[in-house]
Amino acid sequence: MAAQKSAQPAPDSTRRSEKSRRAIYEAALALVVEAGYPKTTIEGIAARAGVGKQTIYRWWSSKAEVLMEAFLDLAAQASREGGHEPYAFPDSGDLAADLKVVLRATVDELKDPRFEVPSRALAAQGVVDEQFGRQLVAKLLQPSLDLYMERLRAAQDAGQVRPDIDPRIALEFFVSPLAQRWLQHTGPISYEYTDTLVDYALHGLAPR
C-alpha cells in the first residue's frame, strides 16, 4: 500500500494579505521619495511591491489613498518605536511647556525625509481634490487637532486660559503658522520658531 502524503496546511490568506499590504505601503512611500508624486503610479507601486495592480484596486481607489494609508502606518510605526502612542499630548500642568514639546516633535517630523516628501504630496493632492482633502483632514489631521483642543480645555479648567476662548480657533495660533511656513517655504522651521509661536500666542503682542 502506497504511503499517504501528509496533509499540507491551507495557506493563510490573512497573513498573505497583510504581507501584500505592507509591501504596497513600502513601495508607495519609496516611489514617492524617489520619483515624486506625479510620476508615482498604481502600476509602479504594484510592480515594486510584487503584486498585481488589481490587488491594489481591490483595497484602494487611487494612489492618493494608498499613500495616505501608507503614511498613517508609517506614523504609527514611528510612534511605537519611540515608545509612545500615535496620538498623545502631554499634560504636565504647564501649558506652554506642553505645547512646545509637541510642536518641537512636529518640527522633527516635518524635517524628517521619511515624512516630509509624502506629507507634501498628500497636502498638495488635498488642495486640488476637495473630497480627498476632506478624507485627509478626517484621518490624518483631525485626531491631532482634537488633542490640542482637549489640552486647551484642560488649561481652561485649570484657569490658565480664558474661559471664553474657542479652543478650535486658539489652536490655529500654533498649528497654522507652522504649516504655512513649511508648505510655502516662507521661512525656516525650528524649535526656536515654534517656541516663539507659543510665547506670542499665550502672552499676546501688546506691551506687558
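Select Leu 178 to begin: this residue is buried, with a relative accessible area of 3%. The model is a predicted one, and residue numbers run from 1 along the chain as its sequence is written.

**Around Leu 178**

Widen the selection to residues 172–184, which form helix H9, the helix that holds Leu 178. Next, show what surrounds the side chain. Setting aside neighbours within four places in sequence, Leu 178 is in contact with Leu 103, Thr 106, Val 107, Leu 110, Ile 189, Tyr 193, Thr 194 and Leu 197. Pick Ile 189 from that group and draw a C-alpha to C-alpha distance to Leu 178: it comes to 7.2 Å, for two residues 11 apart in sequence.

**Across to Thr 194**

Another contact of Leu 178 is Thr 194, so select it next, together with helix H10, residues 191–203, where Thr 194 has its place. Is Thr 194 buried or exposed? With a relative accessible area of 0%, Thr 194 counts as buried because the cut-off for that class is under 20%. Show the backbone of Tyr 191 as well: the side chain of Thr 194 reaches the backbone oxygen of Tyr 191 at 3.2 Å. Beyond four places in sequence, Thr 194 touches Leu 103, Arg 104, Val 107 and Leu 178. Leu 103 and Val 107 are also among the contacts listed for Leu 178.

**The cavity**

Move now to the other end of the numbering used here, and select Ala 28, Val 32, Tyr 37, Thr 40, Ile 45, Lys 63, Val 66 and Leu 67, the residues that line the largest cavity. Helix H1 (13–35) and helix H4 (63–81) are the elements that each give two or more residues to this lining. Which of the elements gives the most to the lining? That is H4, with 3 residues. Colouring the lining by class gives 6 nonpolar, 1 polar and 1 charged residues. The volume of the cavity is about 30 Å³, and a search of the whole structure finds 1 cavity of 30 Å³ or more.

**Helix H2**

Keep Ile 45 from the cavity lining and extend the selection to helix H2, residues 42–49. The buried residues of H2 are Ile 42, Ile 45, Ala 46 and Ala 49. Why do they fall on the same side of H2? They cover an arc of only 100 degrees around the axis, and therefore sit on the same side of the helix. For the last stop, select Gly 50, which follows H2 and has a positive phi, near 75 degrees.

Conventions. This is a predicted model: local features need pLDDT of at least 70, side-chain atom pairs count only at pLDDT 80 or more; totals for chains, interfaces and linings use all residues. Side-chain values use heavy atoms; hydrogens and water are left out. On a 1 Å grid over the protein atoms alone, a cavity is a set of points where a 1.4 Å probe fits but cannot get out, and a pocket is an open set with protein on both sides within 12 Å along at least five of seven lines; lining residues have an atom within 4 Å of a point. Grid points are joined across faces, edges and corners, and a volume is the space filled by probe spheres set on the points. Helices (H or I, at least four residues) and strands (E, at least two) are DSSP runs, numbered from the N terminus. Ala, Val, Leu, Ile, Met, Phe, Trp, Tyr, Cys and Pro count as nonpolar, Asp, Glu, Lys and Arg as charged, and the others, Gly among them, as polar. Buried means under 20% relative accessible area, exposed over 50%, partly exposed in between (1.4 Å probe, protein chains only). The arc is that of the directions from the helix axis to the C-beta atoms. A polar contact is a pair of N or O atoms within 3.5 Å; within protein, one must be able to donate a hydrogen and the other to accept it, and residues adjacent in sequence count only if both atoms are side-chain atoms. Contact means heavy atoms within 4.5 Å.
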